[in-house]
Amino acid sequence: MTKELICIFLGGGIGSVLRYCVQMILHNRIIPYSFPWATLTVNIIGSFCIGLFYALSARFSLSAETRMLFTTGLCGGFTTFSTFSNDALIILRQGCYGTFLLYILLSVTLGIIAAFAGGISGRYI
């Protein structure tokens with residue numbers, strides 16, 4: 001149990017730093033903030049990665065610690081449901097109902113598709 005917790009801790013730290021880097025790159029250098037593109041991006045990438053990591057874990061019989069490092073740790077630290085929820089509320093409070101609906105639909109639909117695609121990819125890489 002201790003090894004798993006250490007792996008989750010390490011993966012979560014790495015994932016959080018990676019999320020911050022993506023947010024800084026997208027918001028400060030590429031896209032001015034008018035839509036939560038950074039949160040959407042990390043959540044879709046993270047959804048793909050968790051599908052990929054679970055498939056690879058099963059395919060190559062990876063240890064529980066390795067699986068936890070990449071799934072619960074890295075993907076958990078990289079993706080962010082709380083930021084997604086807050087961004088959605090900000091959009092809603094601004095009265096941008098179409099953007100609110102688009103953001104929610106894109107996040108959920110693309111997230112599920114990405115997790116599925118990651119799982120398929122992990123079976124054939």
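This is a short guided tour of the structure above, one selection at a time.

**Before you start**

You are looking at a predicted model, in which local features need pLDDT of at least 70 and side-chain atom pairs count only at pLDDT 80 or more, while totals for chains, interfaces and linings use all residues. Residues are numbered from 1 along each chain as its sequence is written, and side-chain values use heavy atoms, with hydrogens and water left out.

**Stop 1: the whole protein**

Show the protein as a cartoon and follow the chain from the N terminus: the elements run α-α-α-α-α. That is five helices and zero strands; helices (H or I, at least four residues) and strands (E, at least two) are DSSP runs, numbered from the N terminus. Along the principal axes, the C-alpha atoms fill a box of roughly 50 × 25 × 25 Å.

Now switch on the surface. The protein exposes about 7500 Å², and carbon and sulfur atoms supply 72% of that area; accessible areas come from the Shrake-Rupley method with a 1.4 Å probe, and for residues only the protein chains shown count as cover. Of the 125 residues, 34% are buried. Here, buried means under 20% relative accessible area, exposed over 50%, and partly exposed in between (1.4 Å probe, protein chains only).

One more overall view concerns contacts, meaning heavy atoms within 4.5 Å. Among contacts between residues at least 6 apart in sequence, 73% join residues at least 24 apart.

**Stop 2: helices α2 and α5**

Select residues 37-59 for α2 and 97-124 for α5. Two packed helices are described by the angle between their axes and the distance between the axes. In this pair the axes come within 7 Å and cross at roughly 25°, which makes α2 roughly parallel to α5. The axes are lines fitted to C-alpha atoms, for helices over the stretch in contact, and angles run from 0 to 180 degrees between N-to-C directions. Angles under 35 degrees count as roughly parallel, over 145 as roughly antiparallel, 65 to 115 as roughly perpendicular and the rest as oblique. The crossing of α2 and α5 is right-handed, a word used when the near helix is turned clockwise from the far one by less than a right angle (left-handed if anticlockwise).

**Stop 3: add helix α4**

Keep α5 and select residues 81-93, which form α4. Their axes are 8 Å apart and the helices pack at an angle of about 160°, so α4 and α5 are roughly antiparallel to each other. To see the contact, show the side chains of Phe84, Asp87, Ala88, Ile91 and Leu92 on α4, and Tyr97, Thr99, Phe100, Tyr103, Ile104 and Ser107 on α5.

Stay on Ser107, found in helix α5. Ser107 is buried, at 11% relative accessibility. Leaving aside residues up to four places away in sequence, Ser107 touches Leu40, Ile44 and Phe84.

**Stop 4: Phe35 in a loop**

Is Phe35, in the loop between α1 (2-30) and α2, buried or exposed? With a relative accessibility of 7%, Phe35 counts as buried. Beyond residues up to four places away in sequence, Phe35 touches His27, Leu40, Thr99, Tyr103 and Leu106. Try a distance to Asp87 as well: the two residues are 52 apart in sequence and 8.5 Å apart in space, C-alpha to C-alpha.

**Stop 5: helix α3 and the loop before it**

Begin with Ser61, in the loop between α2 and α3. Most residues other than glycine have a negative phi. Ser61 is not a glycine, yet its phi is positive, about 50°. Ser61 is exposed, with 62% relative accessible area.

Next, select Thr71 in helix α3 (residues 64-78). Thr71 is buried at 2% relative accessibility, and it touches Ile50, Phe53, Tyr54 and Gly76, not counting residues up to four places away in sequence. Arg67 also lies in α3, but counts as partly exposed at 26%. The C-alpha atoms of Arg67 and Glu4 are separated by 9.0 Å, with their positions 63 residues apart along the chain.

**Stop 6: the cysteines**

How many disulfides does a search of the whole structure find? Zero. A disulfide is counted as a pair of cysteine sulfur atoms within 2.5 Å. Select Cys75, which is buried at 5% relative accessible area. The closest cysteine sulfur to its own is in Cys49, 5.4 Å away and so too far for a bond. Finish with Cys96, which is partly exposed at 31% relative accessibility.
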